[in-house]
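Me: Please pick one chain of this model and look at it closely. I would like its build, its charged groups and their burial, with some context from the rest.

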Amino acid sequence: MEAFFASLVSVAFHGAALGMILYVISVGLSVTMGLMGFANLAHGVFAMAGGYVLTTAISRFGAPYPLALALAFALVAAASVVLERLLYSRLYAASDLEQVLFTIGLIFIAVAVARFIYGTLQQPVVLPDYLKGQFPLLGRDFPAYRVFIIVFSAVMVALLWFGVERTRWGAMVRATVDNRAMAQSVGINTKRLFTLTFALGSGLAGLGGGLGAEIIAIQPSYPFENLVYFLVVVSVGGLGSLRGPFVAALLIGIADTACKYWLPQYGAFPIYVATIAILLWRPSGLFGRHA
Amino acid sequence: MSAALETRGLCKSFGALTVADDIDFRLEIGARHALIGPNGAGKTTFVNMLTGALPPSSGRIVLGGEDITAMAQAKRVKRGLGRTFQINALFRRLAVIDNVALAVAERRGVARRMLRAASTHADVRAESMDLLATLGLAEDAGIRILDLPYGKQRLVEIAIALGLKPRVLLLDEPAAGVPSLESYRILQVLDNLPKHIAILIIEHDMDLVFRFAQRITVLVQGEVLVEGPPEEIAKDKRVHQVYLGEQHHG
Amino acid sequence: MSAHAGGYSADPRIRWIESLPWIVAIAAFFALPEYLSLGARILIYILYALSLDLIVGYAGIITLGHSAYFGLGAYIAGILAAKAGISDPMVQLAAAAAAGALLGISTGAIILRTKALTLLMLTLAITSVLLEIANKATTLTGGADGLSGVVVAPILGLFRFDIFGKTAYLYCLLVLLLGWWLVRKMIYSPFGTSLTGVRENSLRMHAIGAPVYWRLVLVYTLSATIAGVAGGLITQTNQFVGLNVLSFESAGELLVMLILGGVGRIYGAFVGPVAYLIAQDFLAKQFPEYWYFGIGTMLVLVVMFARGGILGILDGSLVKLRSRP
Ligand SMILES: Nc1ncnc2c1ncn2[C@@H]1O[C@H](COP(=O)(O)OP(=O)(O)O)[C@@H](O)[C@H]1O
Ligand SMILES: [Mg+2]
């Protein structure tokens, strides 16, 4: 009994860490899809880029971990602005098919570039000593790295939610998601709003990719292999919503960990089946707006 | 005698916004009926509920004596309910003739055929061409909608609906934004439609409304404000306040 | 070589230029005997791309999961051949077709109730489920090691699959011919026109009384059937099935081939796989990084500048040539 309880706690804990990572990575995707209606399958590229920035900053330039994390956010956000202005923005009015193809193209390019620079091997993550040990809590030991992930992500999420609820930018985003034409007619500069939001979402993906580099391995096929997970979070959670993907990410993180722990013979099968069931039950996701 | 189309206590809300509030409405057989009201009054939503594109929150819809409230859109069309759209809903990359032929083929029940070529269906083609000719579009038959001027696109909107040979025709602002030549043509077409078709027209052009309609319903914020023959509506103070007045000032 | 859009005034007769692919295919058979196995692969992918064009190009359904039907066909044929001792190629192919059809109608009936991202997600999830099953049901599928020991008897008891791939090539060519004939016929039919109607404006299709959902389920099932046949063919010619037939990358690759050739014009599905697979055969093995980079760049460029693909570009330049004084 005690052993079962211990494994329950452990699954919940590891699941929560994975869920937090998934959320930090995917939330930008949810917002950009809701806001701009852009089917950005290449979102995982930003997460992968964040992972490479972090590992390179640490292992090649000896940057301290917090600085490396900040760089993962900032560099990816900056690069995404260039991409958005140069390429994405030209396709806001294009068909879904064109957006899908374009972003698949970006994935192919990113995979090639990553392979060219880093080879096919997984990038090792050098964690600082204070994240390597165990963290005692309520009479149990938890790996410090994962505790850090959960706490740090929680702070980021709180900041983000506060920003969307309380700032001018947040109000504009919410208004534009609700009704784009109306937002434009009351003078919201949607072009700037898109760029800014896209950069923030991509930056967060970069941050999540760096933060979770130890959990979701950084290697060239990252954007392909994890695409399904990011899309599941967004579609199950509900497009354009902030809270929906949060719940979905935690559910998926915990369910995935539980399946790997108790039902390894089934792989990710239960997750996919659950996703299909949920989407059939609620096609716009758990927290999506209904037509 | 039962009406061509009737609603009883029809309601619709989007969240907190009520856009149809207990609408009782009768469209008589062969009627020439106009539905007017300011922008956002809920006219298009009303039409969407009649055709089944939107489910009502409550209330009933009766078509020719049959309750169709829960009936699928396609079945209502088969029962003789046709419509046009306020915002063009055309097959933009198809030729004008195919836009109409799609509707004609659906009505004739040949649209699901798979092994004979579409072009061998001479009856569908001929009927579509006739329809285009009556709308003055015969020469544009081979042109894609994309390459067609807006006024003519509005005519194609009507042609598609007519291809269904409806018994009840719902026209959502057919002449909005149309240059006067095509606008005149539209009116001409409407005047020449068979008398047994019941027509409900949503329109902002009051000249057109008063020339065409024998009965007018005024909708304001989802509620029927008043209904009656054109003379009465023209005299009604409330209508002047909420609607006609708007035009004099604007 | 204009686009094949069907419609009520389109002439359905086969134009002389449409015999070109077949002439090239037969010429290749005699001229390039050492490339016949690549040739058979190309023919199979043409059939596969054709099935995708039907739903993406004509009906406007965007899917990232078409490999589900291809992969199922491949595994069904493979399991029959390697585990059930059924070596008749016609039976294997019929089973692959039936499996594709069955999966197509059951998944299609479910996912076609949804739209846009949800639909895309569902196609992806369904393929992922199949991939997981194939990966874990090792006794049947061989799992990650793949399924070997595929035995294919002579076709109709007469034509043995030879090591040079001559029989396989001609066999694939015949099946492709049949598939092409069917697809082409359908595109020119009223049904085909109504599919383009759904693609162009499903709102209006509902308003003219078309049973949109059933039309889509039907075309989806047909497409899945053809993909299943293509999957069966790939098993028979390779005499091996690997997990990659079900992967997302392979579905993506197929989409790339179709886009490269040109969507919604039948022959885009011919040109795309030819260009892609030949280039891949020469370049991919030596320079994998450059290969992926090249595909990615090409996709981006096609979307930005050449939305009709290779055939679209050809069309454009033909028009320019003709209009020159
Ligand atoms: N799908 C919808 N969701 C939310 N609100 C809607 C929707 N469709 C229409 N509305 C709102 O309902 C009101 C009535 O719209 P509509 O029926 O188009 O008016 P009208 O045709 O009379 O101009 C408007 O305020 C509009 O914004
Ligand atoms: Mg309206």
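Reply: What follows is a close look at chain B, with a few notes on the other chains at the end.

This is a predicted model, in which local features need pLDDT of at least 70 and side-chain atom pairs count only at pLDDT 80 or more, while totals for chains, interfaces and linings use all residues. Residues are numbered from 1 along each chain as its sequence is written, chains are lettered from A and ligands numbered from 1 in the order in which they are written, and side-chain values use heavy atoms, with hydrogens and water left out.

Start with the build. Chain B holds nine helices and ten strands. Both are DSSP runs numbered from the N terminus: helices are H or I with at least four residues, strands are E with at least two. Along the principal axes, the C-alpha atoms of chain B fill a box of roughly 55 × 40 × 35 Å. The radius of gyration of chain B is 18 Å, and a compact globule of 250 residues would have a value near 18 Å, so the two agree. That radius is taken over C-alpha atoms, and the globule rule is 2.2 Å times the number of residues to the power 0.38. Of the 250 residues in chain B, 56% are buried. Buried means under 20% relative accessible area, exposed means over 50%, and partly exposed lies in between (1.4 Å probe, protein chains only). The areas come from the Shrake-Rupley method with a 1.4 Å probe, and for residues only the protein chains shown count as cover.

Now the surface charge. Lys78(B), Arg112(B), Arg113(B) and Arg116(B) form a positive patch. A patch takes residues with over 30% relative accessible area and no salt bridge; like charges are joined within 9 Å, and nonpolar side chains (Val, Leu, Ile, Met, Phe, Trp, Tyr) within 5 Å. Lys and Arg count as positive, Asp and Glu as negative; His and the chain ends are left out of the count. Each charge is placed at NZ of Lys, CZ of Arg, CG of Asp or CD of Glu. Take Arg116(B) as an example from the positive patch. Its place is the loop between helix H3 (96-108) and helix H4 (122-134) of chain B. Arg116(B) has a relative accessible area of 43%, so it counts as partly exposed.

There is a negative patch too. Asp21(B), Asp22(B), Asp24(B) and Glu223(B) gather there on the surface. Strand S2 (residues 17-27) of chain B gives the largest share, three residues. Asp21(B) lies in strand S2. With a relative accessible area of 33%, Asp21(B) is partly exposed.

Next, the salt bridges. The term means a side-chain nitrogen of Lys or Arg within 4 Å of a carboxyl oxygen of Asp or Glu. In chain B, Asp67(B) pairs with Arg60(B), and their closest N and O atoms are 2.5 Å apart. Here both partners are partly exposed: Asp67(B) has 38% relative accessibility, and Arg60(B) has 41%. Asp236(B) forms a salt bridge with Arg238(B), with 3.3 Å between the closest N and O atoms. Burial is split across this pair. Asp236(B) is buried at 15%, whereas Arg238(B) is partly exposed at 41%. Chain B also has a network of salt bridges, which links Glu6(B), Arg8(B), Arg26(B) and Glu28(B).

One loop residue rounds off the chain. Leu193(B) sits between helix H6 (180-192) and strand S8 (198-202) of chain B. Leu193(B) is buried, with a relative accessible area of 8%. From Leu193(B) to Glu232(B) is 39 residues in sequence and 26 Å in space, C-alpha to C-alpha.

Last, the context. Over all chains, a search of the whole structure finds 25 salt bridges. One of them joins the side chains of Glu84(A) and Arg85(A), at 3.1 Å from N to O. Glu84(A) is buried at 0% relative accessible area, while Arg85(A) is partly exposed at 32%. Chain C has 14 helices and zero strands. Its C-alpha atoms fill a box of roughly 60 × 45 × 40 Å along the principal axes. Chain C has a radius of gyration of 19 Å, in agreement with the value near 20 Å for a compact globule of 325 residues. Buried residues make up 58% of chain C.
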